[in-house]
Amino acid sequence: MNEQDMLTVGKIVNTHGIRGELKVISQTHFADERFAPGSKLVIEHPETKQRMNIEITGAREHKGMFMIKLAGYDNINDVEKYKGWEIKISKDNLGELEEGEYYHYEIVGCKVVTEEGQELGVITEILSPGANDVWVVKPAKGKEVLIPVIDEVVLTVDIASKTVTVRLMEGLI
């Protein structure tokens, strides 16, 4: 499977206990679904790109992270080598979103324009600091612009043309 066909849904940051559990930072809106027992995922080394298919046999949320247990791994010594590996899923296995919702990979790279047609730049990152996401927009020159993802600001999102139209509120730039 190509790198473009895979999306990162989490990162293994450490082991937990001696029975082979792994601590995972979730990078998906559907963590309960993605890390549910029976889920078949792929883990990938971030540098060598070595991949391995895994099946989750147990998962629980703990202090903002997920503790997962992999099929066939019952000892800390067996899983320690996977620290730092990314957990990935095929784009084919993504669930359907409701209208007006988008996957992060669809938003990053979109051009942002104002309702008057002024080009602000390209979305490079999505932050999730609290009540709503914030899109980081990198202009051709100058400082990054932070766009709150709220109805009053984000007017249209056209995934096909990779264009987002926004209404600038007082103080955004």
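In which sense do strand β8 and β9 pair, and over how many bridges? In this predicted model, β8 (residues 119–127) and β9 pair in the antiparallel sense, over 5 bridges. One place to look is Val-122, which stands opposite Lys-138 in β9. The two strands form a hairpin, with 6 residues between them.

Now follow the chain out of β9. This strand is joined to β10 by 4 bridges, and the two run antiparallel. Val-137 has Val-145 in β10 as its bridge partner. β9 and β10 also form a hairpin with 6 residues between them. In that turn, Gly-142 has a positive phi of about 105°. Strand β9 covers residues 134–138, and 4 of its 5 residues are buried, so β9 is largely enclosed by the rest of the structure.

Step back to the whole sheet. These strands belong to an open sheet of 6 strands, in the order β10-β9-β8-β7-β12-β11, with mixed pairing. Strands of a sheet pair through backbone hydrogen bonds, either parallel or antiparallel. Which strands stand at the edges? They are β10 (145–148) and β11 (154–158). Each has a single partner strand, so one side of each is left without a neighbour in the sheet. From one strand to the next, the twist averages 35°. At the β11 edge, the partner is β12 (residues 163–166), paired in the antiparallel sense over 4 bridges. There, Asp-158 stands opposite Thr-163 in β12.

Turn next to residues 8–92. The UniProt annotation "domain: RimM N-terminal", from an unreviewed entry, covers this span. The span is 9% helix and 51% strand. Its end C-alpha atoms lie 13 Å apart.

What packs inside the structure? In soluble globular proteins, nonpolar side chains tend to be buried together. Here, the largest nonpolar core has 23 residues. Those with the most contacts inside it are Ile-12, Phe-35, Ile-43, Ile-68, Tyr-82 and Ile-87. Six strands each supply at least two residues of this core: β1 (6–16), β2 (21–26), β3, β4 (51–62), β5 and β6 (86–90). Apart from this core lies another, of 15 residues. Among its members are Ile-107, Val-112, Leu-120 and Val-157.

Ile-43 is a good residue to inspect. Leaving aside neighbours within four places in sequence, Ile-43 is in contact with Ile-12, Tyr-82 and Ile-87, among others. Its contacts also include Gln-50, Arg-51, Met-52 and Ile-54. Trp-85 and Glu-86 are on the list too.

The aromatic residues come last. A search of the whole structure finds 4 aromatic pairs. Why is the pair of Phe-35 and Phe-66 tilted? The ring centres are 5.3 Å apart and the planes stand at 50°, so the pair counts as tilted; the tilted class lies between the cut-offs of 30 and 60 degrees. Phe-35 lies in the loop between α1 (31–34) and β3 (40–44), while Phe-66 lies in strand β5 (residues 65–70). The pair therefore ties together parts that are 31 residues apart in sequence. Both Phe-35 and Phe-66 are buried.

Tyr-103 and Tyr-105 form a stacked pair, 6.1 Å centre to centre, with 25° between the planes. Tyr-103 is buried, with a relative accessible area of 14%. Tyr-105 is partly exposed, at 34%. Elsewhere, Tyr-73, Tyr-82 and Trp-85 form one aromatic cluster. Tyr-82 and Trp-85 are also among the contacts of Ile-43.

Notes
Residues numbered from 1 in each chain as written. Predicted model: local features only at pLDDT ≥ 70, side-chain atom pairs only at ≥ 80, totals over all residues. Heavy atoms only, no water. Phe/Tyr/Trp six-rings, centres within 6.5 Å; stacked < 30°, edge-to-face > 60°. Buried < 20%, exposed > 50% of the residue type's maximum accessible area, 1.4 Å probe, protein only. Pairing = 2+ DSSP bridges. Axes fitted to C-alpha atoms, helices over the stretch in contact; angles between N-to-C directions. UniProt positions renumbered as here; feature names shortened; annotations may be inferred. Core = buried A, V, L, I, M, F, W, Y, C linked by side-chain atoms within 4.5 Å. Contact = heavy atoms within 4.5 Å.
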